[in-house]
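Please find below a short note on the structure under review. The points are set out in numbered paragraphs.

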Amino acid sequence: MSRRRGGGHAAAVPRSLAGDAWRDLRRSPLFVGSAAIILVLVAMAAVPGLFTNADPRACDLAYSRQPPSGDAWFGYDLQGCDMYARTIYGARASILVGVLTTVVIAVVGSVVGMFAGYHGGRVDALLSRFTDMFFAVPMLLGAIIVLATFPSTIDTPSWQTIGKVVLALGVLGWTTVARLMRSTVIQVKQSDYVQAARGLGAGSRRVLLRHVLPNAVAPVVVYSTIILGVFVVLEATLSFLGIGLQAPVISWGIAISDARAYIRQSPHMLLFPGAFLSVTVLAFIMLGDAVRDAFDPRLR
Amino acid sequence: MGRYVARRLLQMIPVVIGTTFIIYALVWALPGDPFAGRCGARPCPAAYVADMTAKYNLDDPLPLAYIQYLGNLLRGDFGETFQGLSVGEELLRAYPTTVKLALVAIAFEIIIGIGAGILAGLRRGSFIDNLVLVSTLVVVSIPVFVIGSVLQLFLGMRWGIFPATVGGDASLYNLILPGFVLASLSLAYVARLTRTSLAENRRADYVRTAVAKGLPQRRVIGIHTMRNSLIPVVTFIGADFGALLGGAIVTEGIFNVPGVGNLIFRSITTRDGVMVTGAVTVLVLVFLLVNLLVDLIYGWLDPRISHG
Amino acid sequence: MRGSTRRGAVVAAAVGLTLVLAACGGDDDGGDDSGSGGDGGSSEGPTGSVSINSTQPENPLIPTTTNEVGGGNIVDAMWTGLVSYDSATGEPGLAVAESIEPNEDFTQFTITIKDGWTFHDGSPVTAQSFVDAWNFGAYGPNAQLNQYFFGPDGANIAGYDAVAGQTDDTGAFVEGSATAETMSGLEVVDESTFTVTLGSPNSLFETIIGYSAFYPMPESFFTDQAAFIEHPVGNGPFEFVEEVPNTSINLTAFADYAGDPKPQVENIEYRVYADLDAAYADVVANQLDILDKIPPVGLAGDVWKTDLEGRSASEPLTTRFTSMTFPLTNTEAWADPNLRKAISLAIDREAVIAAAYGPGNYVPANSWVPPGNDGYVEGTCGEWCEFDATKAQELYAQTAGVQGTLLISSNSDGGHREWVEAACTSIRETLGIDCQGDYDPDFGSFRARVNANEITNPFRTGWVADYPSIQNFLAPLYTSNGSANDGGYSNPQFDELIRQAAGLEGQEALDLYNQAESLLSEDMAIIPLWYDNGQRGWSTNVNEPQFTWKGYVDPLSISVQN
């Protein structure tokens with residue numbers, strides 16, 4: 001019980017939700033597997049030098065598009081850069097965009113959706129209209145317009161370039177979470193156990209946090225884990241349209257969009273960053289599944 | 001019911017105004033001179049710039065220009081593109097194509113997405129379940145432009161099963177390939193949402209009650225579980241329809257579908273601001289109406305939610 | 001989706017006697033070069049339908065305001081001017097004009113037009129049709145994009161200033177400053193004759209008026225412009241049928257076309273593509289008949305050669321040229337010619353082309369004028385355009401070097417990002433300095449920065465000449481007050497040579513132009529990169545189409561297979 005994620009405070013409460021969940025998680029092969037992959041990916045993003053000695057920016061046009069070999073496991077890209085090094089170094093930008101955007105939308109969306117759904121009435125109307133304003137603009141389109149309005153130039157530090165992509169996607173992305181949250185909260189609110197808690201005189205904050213949230217969080221987790229991959233993919237799409245992340249930033253998205261014209265001649269240019277992207281998405285979704293199973297009280 | 005619909009329609013007014021103002025501000029605040037680059041390697045003639053500035057009220061402060069624009073909109077006047085074409089007419093031409101494409105995509109989502117989700121949800125942990133999980137995952141992790149290019153290369157160019165692009169002939173058959181590509185991403189959500197929702201509802205009290213009452217398994221799954229499980233799915237598909245209308249930029253580009261996404265993207269790159277704001281305004285309107293419809297269906301699916 | 005190409009850059013601020021008109025005084029169209037096919041279609045009249053890739057016109061299909069490729073190709077198919085350029089060589093020859101007689105000092109021209117030319121609506125083409133069209137184009141309040149063709153940057157017709165109006169200090173148009181609606185230099189003598197008086201001598205006048213801004217307009221245009229925009233009317237080989245915006249523009253052969261050669265194909269569909277990749281897919285699948293430019297997806301690994309076996313071609317584009325320009329007016333960073341030379345030496349053009357466009361698909365440049373132009377001399381750039389790592393390093397060591405990262409600016413679309421990245425790789429590897437591309441998402445925003453003189457690092461410059469002459473490459477681009485001198489290069493000696501050359505004819509003039517060009521290699525303020533090649537493909541439905549000297553399909557050469 002002492003290694004509980006909730007920390008010391010939770011130890012006082014026997015069998016808290018978080019404690020139970022953590023205990024379950026540690027036993028889940030799905031969780032352990034995906035967490036291990038994510039740890040590796042995060043390490044790759046944080047300290048790429050651990051995985052390769054090659055410089056991703058050292059390129060030689062003479063090697064342009066050469067297939068994988070003993071010297072370069074993943075082959076070379078269009079500029080004759082080592083694909084292995086590019087793929088390792090690409091993890092940082094891609095994972096940052098995915099994770100940060102997901103965090104932004106999950107937090108903003110959940111808060112807005114929960115308040116709207118739980119309070120109903122005027123609050124709901126106001127928040128729902130506010131949500132609609134952003135919801136009504138398709139995400140990719142909105143991101144294009146935002147990024148076209150605030151373009152990154154070469155002087156923009158790379159964290160700002162990444163930040164812009166995160167905000168452009170996040171500004172419109174949170175609405176789906178809000179709506180999902182709202183509709184589940186409305187559903188959960190009417191369920192017997194919430195009614196019972198209210199009947200027993202629980203305050204609205206307590207009801208929200210202890211009863212509604214844990215029960216409404218599952219769809220948001222499912223959505224967030226899938227959408228995380230989608231954001232990484234959208235980052236690639238924006239690069240493809242010429243307005244997302246830009247060189248000198250190295251990302252899987254840029255690599256994939258660069259490779260697109262060469263699918264037929266040099267499939268390795270697409271294959272390796274593509275495979276890493278897929279594995280990342282896979283890992284996060286598996287993690288999400290595991291977490292949801294653990295947190296969902298109805299499964300016990 | 002009638003009052004509910006009327007109230008919702010009224011609520012749309014601030015939303016439309018809010019959204020279009022945001023878009024209008026973004027589009028006309030696009031950095032630099034909206035007429036730069038329209039005249040090749042040299043600046044445009046001063047007289048041309050002056051004429052266009054006056055025509056689109058670009059000299060006025062933003063809120064004023066927006067109000068003028070809104071006033072014209074209310075009279076049904078969407079303005080003119082730089083080419084001198086009526087924005088309204090262009091939209092009327094582009095929308096049916098995009099709607100058709102979106103419907104084809106939605107059909108794929110319903111048939112394949114919900115189908116796969118149900119199969120997986122009923123047999124959690126089975127081979128089918130894993131197959132659905134893995135295949136949806138693979139689809140999610142591949143960018144649309146890659147899926148589109150690859151399918152176009154093989155099905156369109158190499159084997160000639162489907163036309164490589166759509167062009168002016170937006171027939172149902174021509175739209176199958178782009179429709180599938182467009183649906184591919186959402187397919188995965190729909191399948192997974194259906195699966196999750198179904199699995200959860202199967203453990204719900206009312207299902208236990210129904211089973212306890214001795215209702216046949218098929219009826220329990222077919223009527224009770226399915227109906228409730230589909231609520232989030234319907235919400236999602238409804239919202240997705242709105243998104244597909246404007247979010248088909250990449251797919252419409254690859255398959256040369258003369259739809260709204262194509263139109264908007266071209267207008268963004270050629271700085272045709274009137275076209276962009278006009279198209280997005282309609283997008284927002286359509287989207288809100290679709291949402292209203294979704295909510296009505298929602299109430300019908302789940303009797304616990306009433307629109308009294 | 002990507003690629004935004006403008007047509008013709010600019011007609012030079014032309015003063016000079018370089019070009020001698022081929023068909024001067026004759027009544028021939030100079031069309032003998034295109035008679036190569038003669039596939040027997042001429043006696044039976046036009047047959048069949050073809051589709052050609054296009055982009056959506058950005059402006060109304062009015063010749064004086066159409067300045068981009070999508071609209072320009074259609075306008076060129078629908079109109080014939082006084083002079084037309086030979087499809088293959090670009091040599092100007094008389095078309096609607098019966099004769100163009102200059103006075104002694106090339107300040108006044110008497111133009112007689114042929115009988116029998118009509119517009120598609122049946123009205124006759126008269127002297128008035130030209131004069132009205134030109135006045136319309138020049139008149140400030142009409143806000144026509146090609147206005148400057150009538151002014152000092154173009155033909156420089158007398159009285160242009162009063163018609164065009166003025167700009168204030170900030171370059172903004174002054175409302176109501178246009179004091180006349182017609183240019184004093186244009187005078188109608190009779191039904192078929194008019195005179196043009198110029199503000200300054202211009203022996204290139206006859207070449208310039210072949211450009212689309214000088215096409216005639218029917219009377220109906222001036223009475224009802226809105227109707228005209230809906231259904232444009234020209235006098236060329238093809239007439240307008242309908243436009244489905246964002247989808248296609250359809251033309252059909254004009255039965256009463258008075259020019260020669262006659263159209264061989266009955267219907268042309270200009271099919272709008274947002275993304276050239278889609279057009280490529282279509283032509284491979286035989287769903288598009290003619291593709292005038294093969295995109296990177298086809299060029300990569302030369303797949304187009306197998307995808308389109310027996311129905312594709314690659315030709316040098318005489319009038320296109322890509323270079324890299326150093327900004328000299330807004331920064332001191334590039335003032336040292338040795339630094340510019342070192343950078344030029346460090347670019348392995350062959351390898352950059354191979355990576356960006358596929359090996360051999362473009363041609364490394366070693367001069368400032370592409371082959372095929374009047375006055376082209378091979379290798380004027382000499383050693384400075386040859387990749388030489390050692391020499392580059394040695395030279396670079398003698399300079400103060402690049403402060404920080406070397407940036408190269410360009411728009412990222414249209415296949416430009418690929419070569420900028422490759423050029424940077426080459427420079428980085430050779431000089432050991434950091435090099436990065438600095439991109440704008442589209443041509444418009446990139447040019448806005450260039451025009452505003454905001455870029456303080458080398459940037460991409462591409463040029464599409466209006467006519468194939470060394471003059472059109474050197475004068476507008478590199479003279480101190482050249483209308484398209486983006487980098488602010490200024491060399492009084494160069495200016496003087498160009499000025500002198502403009503007053504001479506034939507080889508004498510060319511010699512001076514070549515002398516001027518050799519000055520460019522001493523300064524290397526503009527680095528030649530490559531001459532563009534044009535790759536194109538067609539379907540099994542059509543015979544091989546001819547392409548014009550500008551690299552676009554010649555609609556008169558199109559014929560369907562029987």
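The points below take up chain A, then one residue of chain B, and then a surface patch of chain C.

1. Status of the model. The structure is a predicted model, and the remarks that follow should be read as statements about that model.

2. Secondary structure of chain A. Chain A contains 11 helices and 0 strands. Its elements, taken in sequence order, give the pattern α-α-α-α-α-α-α-α-α-α-α.

3. Dimensions and packing of chain A. The C-alpha trace of chain A extends over about 75 × 45 × 35 Å along its principal axes. Of the 300 residues in chain A, 58% are buried. Among contacts in chain A with a separation of 6 or more, 69% link residues that lie 24 or more positions apart.

4. Surface and charge of chain A. The exposed area of chain A is about 12200 Å², of which carbon and sulfur atoms supply 65%. Chain A carries 26 positive and 16 negative charges, and the mean positions of these two sets are 13 Å apart.

5. Nonpolar patch on chain A. A nonpolar surface patch is made up of Val103(A), Val104(A), Val107(A), Val108(A), Val111(A), Phe115(A) and Val123(A), which together have about 500 Å² of accessible area. Helix α4 of chain A, covering residues 83–119, gives the most to this patch, with 6 residues. Phe115(A) is placed in helix α4 of chain A. Phe115(A) is classed as partly exposed because its relative accessibility is 38%, a value between the limits of 20% and 50%. The same value satisfies the patch requirement of over 30% relative accessible area.

6. A buried threonine in chain B. Thr281(B) lies in helix α12 of chain B, which runs over residues 273–301. With a relative accessibility of 5%, Thr281(B) counts as buried, since the class is defined as under 20%. Leaving aside residues up to four places away in sequence, Thr281(B) is in contact with Thr20(B), Tyr69(B) and Leu73(B).

7. Negative patch on chain C. Glu98(C), Asp115(C), Asp190(C) and Glu191(C) form a negative patch on the surface. One of these residues, Glu98(C), belongs to strand β4 of chain C, which comprises residues 97–102. Glu98(C) has a relative accessible area of 34% and is therefore partly exposed. That value also lies over the 30% required of patch residues.

Methods. Residues are numbered from 1 along each chain as its sequence is written. Chains are lettered from A and ligands numbered from 1 in the order in which they are written. This is a predicted model: local features need pLDDT of at least 70, side-chain atom pairs count only at pLDDT 80 or more; totals for chains, interfaces and linings use all residues. Side-chain values use heavy atoms; hydrogens and water are left out. Patches are made of residues with over 30% relative accessible area and no salt bridge: like charges are joined within 9 Å, nonpolar side chains (Val, Leu, Ile, Met, Phe, Trp, Tyr) within 5 Å. Accessible areas come from the Shrake-Rupley method with a 1.4 Å probe; for residues, only the protein chains shown count as cover. A salt bridge is a side-chain nitrogen of Lys or Arg within 4 Å of a carboxyl oxygen of Asp or Glu. Lys and Arg count as positive and Asp and Glu as negative; His and the chain ends are not counted. The place of a charge is taken as NZ of Lys, CZ of Arg, CG of Asp or CD of Glu. Helices (H or I, at least four residues) and strands (E, at least two) are DSSP runs, numbered from the N terminus. Buried means under 20% relative accessible area, exposed over 50%, partly exposed in between (1.4 Å probe, protein chains only). Contact means heavy atoms within 4.5 Å.
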